[in-house]
Amino acid sequence: MIRKRQVHLDFHTNGTLPVGKNFSKEQFQAALKAGHVNSITVFSKCHHGWSYHPTEANKIHPELDFDLLGAQLEACKEIDVNAPVYISAGFDEKDWEKHPEWRYKRSDDKADCDEYESEVHFHLLCFNTEYLDVLCSQIEEVMIKYNPCGIFLDIVAPRFCYCEKCKEDMKNLGLDIENEADRKSFENIVYKKYTDATNAAVRKHSDTATIFHNGGHIPKGDYGIIEANTHLELESLPTGGWGYDHFPLSSAYVRSLKDTDFLGMTGKFHHSWGEFGGFKHPNALIYETALSVANGAGCSIGDQMHPLGEMNMATYNLIGKAYSLIEEKEPWLDGAENVADIAVLSAEALTGGRDSKADIGANRMLLENNCLYNFVDSTMDFSEYKLLILPDIEILNNETIEKIKAYAKNGGKVIASGKALTQNGSFFLDIGAEYKGENEYKPTYFIPAFETVCGKTEYIMKCKAFKIETNDCETVAYMQNPYFNRTKEHFCSHAHAPNNPDENFPGAVVKGNIAYIGWDIFTAYASHGHLCFKELFTYTLEKLMGDEFTVSAGIPDKAVVTYTRQEKEKRNILHLLFAHTTVRGEDTEVIEDTVPLYNVKCSVKKETKPSRVVLEPQGKELDFEYNDGKAEFTVPEIDIHQMVAIED
């Protein structure tokens with residue numbers, strides 16, 4: 001089991017700067033103790049290409065005159081802090097300058113590559129060159145000299161490279177460089193060559209060292225990338241452009257991978273990596289670390305050491321305010337397994353396209369409805385979930401379609417949208433309607449057959465719409481077209497034509513355990529966030545699920561609910577989180593002041609009456625009632641994060 005209170009210590013230092021002059025073992029240890037840190041990733045080689053220890057496989061930083069890596073490892077060992085070792089793999093600016101033949105070429109256009117190479121930033125190297133052998137020798141040297149508990153390799157991902165070596169090898173394999181599928185195939189061949197070689201360099205000297213290859217994103221369904229690691233680290237800096245709903249989406253997939261330990265990686269920075277002098281409010285780190293553990297992850301907080309080698313005590317006092325709380329909570333975190341009612345068949349896993357808006361929209365709707373959910377790929381078992389969501393994307397794999405059919409036939413509930421339920425121009429599940437293709441009008445209008453916040457009226461739907469003819473189902477929403485599409489020849493008002501009330505036809509239907517929504521509703525919600533999209537989804541979800549939600553909590557849409565099971569301890573843990581965010585500057589989402597929630601009513605389905613319901617880690621028992629298979633209780637206060645243990 002990986003440790004839950006980790007720091008990722010960046011150190012990328014230009015060769016002209018003094019290094020390590022103020023390093024002190026005692027000061028380094030004092031910082032880790034102040035931060036309640038029990039694991040810290042320290043550095044062997046940085047993006048500039050320098051090593052921070054004596055080396056024959058590389059060059060030590062020209063301003064360093066002692067073994068800084070060794071000193072950090074010794075300091076950690078003395079106070080029982082784990083210390084995986086960081087090695088920059090994709091970047092090595094020193095060797096990029098020295099070896100043009102190793103350079104990654106992002107296109108076959110010389111002007112484009114010249115522009116990339118002239119820009120002031122770190123530059124990538126190609127793993128299909130002799131550079132890979134050099135990198136492996138650097139890894140082996142660290143393993144032999146220091147025997148670390150783990151290796152962290154950074155800036156690595158499948159990328160197609162147009163260097164001469166890659167073009168020649170691709171030609172020899174009979175692959176066409178002009179063919180996108182062949183390029184994708186070759187970049188995966190090179191990536192596997194890299195992971196096989198670097199993993200072998202570690203395993204040659206240790207059977208137990210952890211290995212993680214960091215590409216900044218864990219692609220859903222790509223087991224070639226996932227299985228190259230011993231654990232996963234989900235990089236997600238909310239203030240660095242990721243936002244606060246990025247980590248819940250990423251973790252919702254990774255926690256569905258069985259027996260996979262993972263970390264949520266945030267940062268102490270105000271913005272993002274590489275920021276000296278940037279600090280976020282303690283409440284932000286308290287929330288971000290609580291969000292990690294509530295989603296089944298450990299925590300990793302990014303920091304960057306000053307070139308002089310002195311740890312910034314303000315940083316570690318800040319980290320300590322979050323990690324002291326995580327340390328108190330660990331007895332209710334260790335060995336906990338996530339519980340979910342709903343599975344989302346990831347659009348990213350189906351298409352291979354990163355940052356799918358269909359996934360983003362589904363994630364936001366489920367978060368805002370305080371649901372228990374996972375994202376899954378098509379290889380996973382759907383039967384353990386009460387409901388399966390198929391968001392927007394056409395499913396092209398026949399085996400996956402047959403799997404969905406079997407799930408629905410056995411009583412599994414399904415909500416599908418857009419083209420997700422279609423095969424060869426027809427619905428592959430019986431929804432009591434026929435598919436008639438994509439609507440030629442955009443936008444269209446949605447008219448609910450149920451009560452909404454603003455009442456039954458026409459709501460604009462700025463997304464693709466799909467036509468259906470019903471024969472044996474319940475219509476829960478109707479669709480209307482505009483009078484015409486907006487063109488130069490005829491348009492109306494500032495944006496789009498009004499609805500044509502003479503055209504009214506079904507837009508969303510339910511039959512038994514299957515619901516179909518005839519819009520790309522999840523993609524649209526990610527793009528526009530219109531309340532009516534969520535209202536239609538929520539109504540459909542509640543209609544299908546009825547009383548089968550495992551957890552119900554009277555908390556705002558900005559709050560987060562998760563639920564876990566500690567089988568060994570015979571208890572479930574309800575996690576309730578709430579913090580409001582504010583946008584500062586142009587696009588930086590921050591957490592500063594917090595507003596507690598009071599007297600939150602909760603209901604948890606449980607087959608037998610609990611023996612106790614307890615606020616943790618406070619150890620305060622709550623009064624509860626047990627009726628119709630549900631434990632009902634009131635949580636007196638939620639101040640960022642509150643755990644409730646429901647004991648068997």
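A crossing of two helices is called right-handed if the near helix is turned clockwise from the far one by less than a right angle. In this predicted model, the crossing of helices H6 and H7 is right-handed. Helix H6 spans residues 164-172 and helix H7 spans residues 180-203, and their axes lie 11 Å apart at an angle of about 110°. Since angles of 65 to 115 degrees count as roughly perpendicular, H6 and H7 are therefore roughly perpendicular to each other. On the H6 side, the contact is made by Lys 165, Cys 166, Asp 169 and Met 170, which meet Asp 182, Arg 183, Phe 186 and Lys 193 of H7. Sorted by character, the residues of this contact comprise 5 charged and 3 nonpolar, with no polar ones.

Attention now turns to helix H1. Within H1, which covers residues 25-34, the buried positions are Gln 27, Phe 28, Gln 29, Ala 31 and Leu 32. Their cover includes two strands, S1 (5-10) and S2 (39-45), together with helices H2 (68-78) and H11 (313-329). Just past the end of H1, His 36 adopts a positive phi of about 55°.

Phe 28 of H1 appears again in the nonpolar interior, as one of the residues with the most contacts inside the largest core. That core holds 175 residues, and Ile 40, Tyr 316, Leu 390, Leu 421 and Tyr 516 share this distinction with Phe 28. Leaving aside residues up to four places away in sequence, Leu 421 touches Leu 390, Ala 416, Ser 426, Phe 427, Phe 428, Leu 429, Ile 431, Ile 514 and Tyr 516. Another core, of 22 residues, lies apart from the largest one and includes Ile 555, Ala 559, Tyr 563 and Val 604.

Key. Residues numbered from 1 in each chain as written. Predicted model: local features only at pLDDT ≥ 70, side-chain atom pairs only at ≥ 80, totals over all residues. Heavy atoms only, no water. Buried < 20%, exposed > 50% of the residue type's maximum accessible area, 1.4 Å probe, protein only. Helix = DSSP H or I, 4+ residues; strand = E, 2+ residues; numbered from the N terminus. Contact = heavy atoms within 4.5 Å. Axes fitted to C-alpha atoms, helices over the stretch in contact; angles between N-to-C directions. Parallel < 35°, antiparallel > 145°, perpendicular 65-115°, else oblique. Nonpolar A, V, L, I, M, F, W, Y, C, P; charged D, E, K, R; others polar. Core = buried A, V, L, I, M, F, W, Y, C linked by side-chain atoms within 4.5 Å.
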